[in-house]
Amino acid sequence: MENVVEMILNSTKLFQEIENVLSFSVFLGYVLVFVNFLNLISINVSDFVWPFVNFRIAASVIIFLWTLYNFFKLTLVGTRVIDVCDEWKTMQKNIVKNCTRMRVNNIDDVTYLLMVMEVTKIDIAFTGWGMFQLDRKLLLTMMEAIISYSVLIATL
């Protein structure tokens, strides 16, 4: 029992360290996606004459796609972590259901069960500097914004 609790505590500490390292990078990636998108829009909307405009557009498209791809990849990993956390919560509920069906004669068993349930509460989600969570909802919101602005710009 002690080993299980220790492993869970170590895994939550490890997650917190990973979150601390990745949090600002995720936020920066999110900002870069929209900054690059706005850069692409401004290049296409403004009619300025510059000899290297095609090069600038190509570079902006490449940077935008690269940033978008990496942000999607990070978001999908964050979503998988949330799925694993949800599976863990389901397993906890099943443990409680099975233990309530059994007749417990010893108060120590109930105490251990409550202690394990309290210690093993895991709520893991990767965030972008604490401002948003990386999940499927964020991906859909990003795609909605990008498609909406693309349609608006295309109609100009």
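This passage describes the fold of a predicted model, its aromatic contacts and the surroundings of several residues in its helices.

The protein chain contains four helices and zero strands, and its elements follow one another from the N terminus in the order α-α-α-α. Of its 156 residues, 26% count as buried, while the accessible surface of the chain comes to about 11100 Å², of which carbon and sulfur atoms supply 66%. When contacts in the protein chain between residues at least 6 apart in sequence are considered, 81% of them join residues at least 24 apart.

Helix α2, which spans residues 53-101, is made up of 49 residues, and the distance from its first C-alpha to its last is 71 Å, close to the 72 Å expected at 1.5 Å a residue. The buried residues of this helix are Ser60, Phe64, Thr67, Leu68, Phe71, Thr75, Gly78, Thr79, Ile82, Cys85 and Gln92. In the interpretation of such a list it may be kept in mind that an α-helix has 3.6 residues a turn, so residues three or four places apart point the same way. One of the buried residues of α2 is Thr79, whose relative accessibility is 4%, and because buried means under 20%, Thr79 falls in that class. Leaving aside residues up to four places away in sequence, Thr79 touches Leu134, Asp135 and Arg136.

The aromatic side chains form a second theme. Three aromatic pairs are present in the structure. In one of them, the ring centres of Phe27 and Trp129 are 5.3 Å apart and the ring planes stand at 40 degrees, so this pair is classed as tilted. The pair links distant parts of the chain, since Phe27 belongs to helix α1 (residues 2-45) whereas Trp129 belongs to the loop between α3 and α4, with the two positions 102 residues apart in sequence. The two partners differ in their accessibility class: Phe27 is buried, with a relative accessible area of 18%, but Trp129, at 48% relative accessibility, counts as partly exposed.

Phe27 also takes part in a tilted aromatic pair with Phe132, in which the rings lie 6.5 Å centre to centre with 35 degrees between the planes. Phe132 is placed in the loop between α3 and α4 and Phe27 in helix α1, so this pair ties together parts that are 105 residues apart in sequence. Here both partners, Phe27 and Phe132, are buried. Taken together, ring pairs link Phe24, Phe27, Trp129 and Phe132 into a cluster.

Two members of this cluster, Phe24 and Trp129, also contribute to the surface, where Phe24, Leu28, Leu32, Trp129 and Met131 form a nonpolar patch with about 500 Å² of accessible area together. The loop that carries Trp129 runs between α3 (107-119) and α4 (136-155).

Contacts of helix α4 are illustrated by two of its residues. Ile146 lies in this helix and, at 8% relative accessibility, counts as buried. With residues up to four places away in sequence not counted, Ile146 touches Val33, Phe34, Phe37, Phe64 and Leu68; among these, Phe64 and Leu68 are buried residues of α2. Ile146 and Val33 are 113 residues apart in sequence, yet their C-alpha atoms are 9.5 Å apart in space. Tyr149 is likewise found in helix α4, but this residue is partly exposed, with a relative accessible area of 43%. Under the same exclusion of residues up to four places away in sequence, Tyr149 touches Phe37 and Ile41, and the C-alpha atoms of Tyr149 and Ile41 are separated by 8.7 Å although the residues are 108 apart along the chain. Phe37 is thus touched by Ile146 and also by Tyr149.

A further approach between distant positions involves helix α1, in which Ile8 lies. Ile8 counts as buried at 9% relative accessibility, and the C-alpha atoms of Ile8 and Lys121 are 9.1 Å apart in space, with the two residues 113 apart in sequence.

Key:
Residues are numbered from 1 along each chain as its sequence is written. This is a predicted model: local features need pLDDT of at least 70, side-chain atom pairs count only at pLDDT 80 or more; totals for chains, interfaces and linings use all residues. Side-chain values use heavy atoms; hydrogens and water are left out. Patches are made of residues with over 30% relative accessible area and no salt bridge: like charges are joined within 9 Å, nonpolar side chains (Val, Leu, Ile, Met, Phe, Trp, Tyr) within 5 Å. Accessible areas come from the Shrake-Rupley method with a 1.4 Å probe; for residues, only the protein chains shown count as cover. A salt bridge is a side-chain nitrogen of Lys or Arg within 4 Å of a carboxyl oxygen of Asp or Glu. Buried means under 20% relative accessible area, exposed over 50%, partly exposed in between (1.4 Å probe, protein chains only). Contact means heavy atoms within 4.5 Å. Rings of Phe, Tyr and Trp (its six-membered ring) pair if their centres lie within 6.5 Å; planes under 30 degrees apart count as stacked, over 60 as edge-to-face and the rest as tilted. The expected span of a helix is 1.5 Å times one less than its number of residues.
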